[in-house]
Amino acid sequence: MAVRHESGQVEMPVNPSPPSGYEQTVLPHLDAAYALARFLVRDDHDAEDVVQDAYLRALRYFGSYRGGDARTWLLAIVRRTCYTWLRRRRVRSLDAEFDERVHGVDAAGDDPATLATRGALKDTLLEAVERLPVEFREVVVLRDIEGLSYREIAQVAGVPVGTVMSRLSRARRRLHAALSPADLERS
């Protein structure tokens, strides 16, 4: 039975065991959930907290899950949890509108020679991904790391497929510009 506190907050009882099928539905996607959260919140520990919150939300609303692609359903919850976390933290990158002068190719970061000296192409690329605005970062992670289709990304992000394609194209151009010619030759 739910308990209502004087503050008006309602505390739901904790069910000691998850509903049937919950673990089989959501646990296989834990790595994808963490990867998305890690790239959106940009911190390992915060990503773990966000994924934990997302899995609790998934557990709470598992009764409303009607089947279909569990990964897409779960990643949509993870995405919403990340954006809630970012709003609470008032992360500047979320609040800022896209500005070509700030987020443009010229503002992509260090010069290519500096990037090339930092280490492996993977590290350089991951750094470039982390510098992308959050709406570009999420489509790159969902498409190029998690392998979701444009339609699945649109469902997760709650945007039209055309917007997914546009964001992905712009994000890839920025990543290409952020890599030095030497990096590109190594790829």
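Select Gly 158 to begin: placed just after α10, Gly 158 takes a positive phi of about 70 degrees. The model on screen is predicted.

**Stop 1: helix α10**

Step back from Gly 158 and select residues 150-157, which make up helix α10. Which residues of α10 are buried? They are Glu 152, Ile 153, Ala 154, Val 156 and Ala 157. Colour α4, α9 and α11 as well, since these helices are among what covers the buried residues of α10.

Now pick out Glu 152, a residue of helix α10. Is Glu 152 buried or exposed? With a relative accessibility of 13%, Glu 152 counts as buried, because the cut-off for buried is under 20%. Show what lies around Glu 152: apart from neighbours within four places in sequence, Glu 152 is in contact with Asp 69, Arg 71 and Thr 72.

**Stop 2: α10 against α11**

Keep α10 selected and add α11. Two packed helices are described by the angle between their axes and the distance between the axes. Here the axes of α10 and α11 come within 8 Å and cross at roughly 100 degrees. Why do α10 and α11 count as roughly perpendicular? The reason is the crossing angle of roughly 100 degrees, because angles of 65 to 115 degrees fall in that class.

Show the side chains at this crossing. On the α10 side are Tyr 150, Arg 151, Ile 153 and Ala 154, and they meet Val 161, Val 164, Met 165, Leu 168 and Arg 172 of α11. Sorted by class, this contact of α10 with α11 holds seven nonpolar residues, no polar ones and two charged ones.

**Stop 3: α9 against α11**

Leave α11 (residues 161-178) on screen and replace α10 with α9. The angle between α9 and α11 is about 95 degrees, and their axes are 9 Å apart. That angle makes α9 roughly perpendicular to α11. From α9, the contact takes in Glu 135, Phe 136, Glu 138, Val 139, Val 140, Arg 143 and Asp 144. From α11, select Arg 167, Leu 168, Arg 170, Ala 171, Arg 172, Arg 174 and Leu 175. How do the residues of the contact of α9 with α11 divide by class? Six are nonpolar, none is polar and eight are charged.

**Stop 4: helix α2 and the residue after it**

Select residues 30-41, helix α2. Its twelve residues reach 16 Å from the first C-alpha to the last, close to the 16 Å expected at 1.5 Å a residue. Helix α2 is mostly covered, with nine of its twelve residues buried. The buried residues of α2 are Ala 32, Ala 33, Ala 35, Leu 36, Ala 37, Arg 38, Phe 39, Leu 40 and Val 41. To see part of what covers them, show α3 (44-60), α4 (70-89), α8 (121-131) and α9 (134-145).

Move on to Arg 42, the residue that follows α2. Arg 42 sits in the loop between α2 and α3. Most residues other than glycine have a negative phi, and most peptide bonds are trans. What is the phi of Arg 42? Its phi is near 65 degrees, a positive value in a residue other than glycine. Arg 42 is partly exposed, with a relative accessible area of 34%.

**Stop 5: the aromatic residues**

Finally, show the aromatic rings. How many aromatic pairs does a search of the whole structure find? The search finds four. A pair of aromatic rings is described by the distance of the centres and the angle of the planes.

Start with Tyr 22 and Phe 62, an edge-to-face pair at 5.5 Å centre to centre with 90 degrees between the planes. This pair links distant parts of the chain, 40 residues apart: Tyr 22 is in helix α1 (residues 22-26) and Phe 62 is in the loop between α3 and α4. Tyr 22 counts as buried at 8% relative accessibility, and Phe 62 counts as buried at 11%.

Next, add Trp 73. Phe 62 and Trp 73 are also an edge-to-face pair, at 6.2 Å centre to centre with 65 degrees between the planes. Phe 62 lies in the loop between α3 and α4 and Trp 73 in helix α4, so this pair ties together parts eleven residues apart in sequence. Trp 73 is buried, with a relative accessible area of 19%.

To end, select Tyr 65 along with these residues: Tyr 22, Phe 62, Tyr 65 and Trp 73 form one aromatic cluster.

Methods. Residues are numbered from 1 along each chain as its sequence is written. This is a predicted model: local features need pLDDT of at least 70, side-chain atom pairs count only at pLDDT 80 or more; totals for chains, interfaces and linings use all residues. Side-chain values use heavy atoms; hydrogens and water are left out. Helices (H or I, at least four residues) and strands (E, at least two) are DSSP runs, numbered from the N terminus. The expected span of a helix is 1.5 Å times one less than its number of residues. Buried means under 20% relative accessible area, exposed over 50%, partly exposed in between (1.4 Å probe, protein chains only). Contact means heavy atoms within 4.5 Å. Axes are lines fitted to C-alpha atoms, for helices over the stretch in contact, and angles run from 0 to 180 degrees between N-to-C directions. Angles under 35 degrees count as roughly parallel, over 145 as roughly antiparallel, 65 to 115 as roughly perpendicular and the rest as oblique. Ala, Val, Leu, Ile, Met, Phe, Trp, Tyr, Cys and Pro count as nonpolar, Asp, Glu, Lys and Arg as charged, and the others, Gly among them, as polar. Rings of Phe, Tyr and Trp (its six-membered ring) pair if their centres lie within 6.5 Å; planes under 30 degrees apart count as stacked, over 60 as edge-to-face and the rest as tilted.
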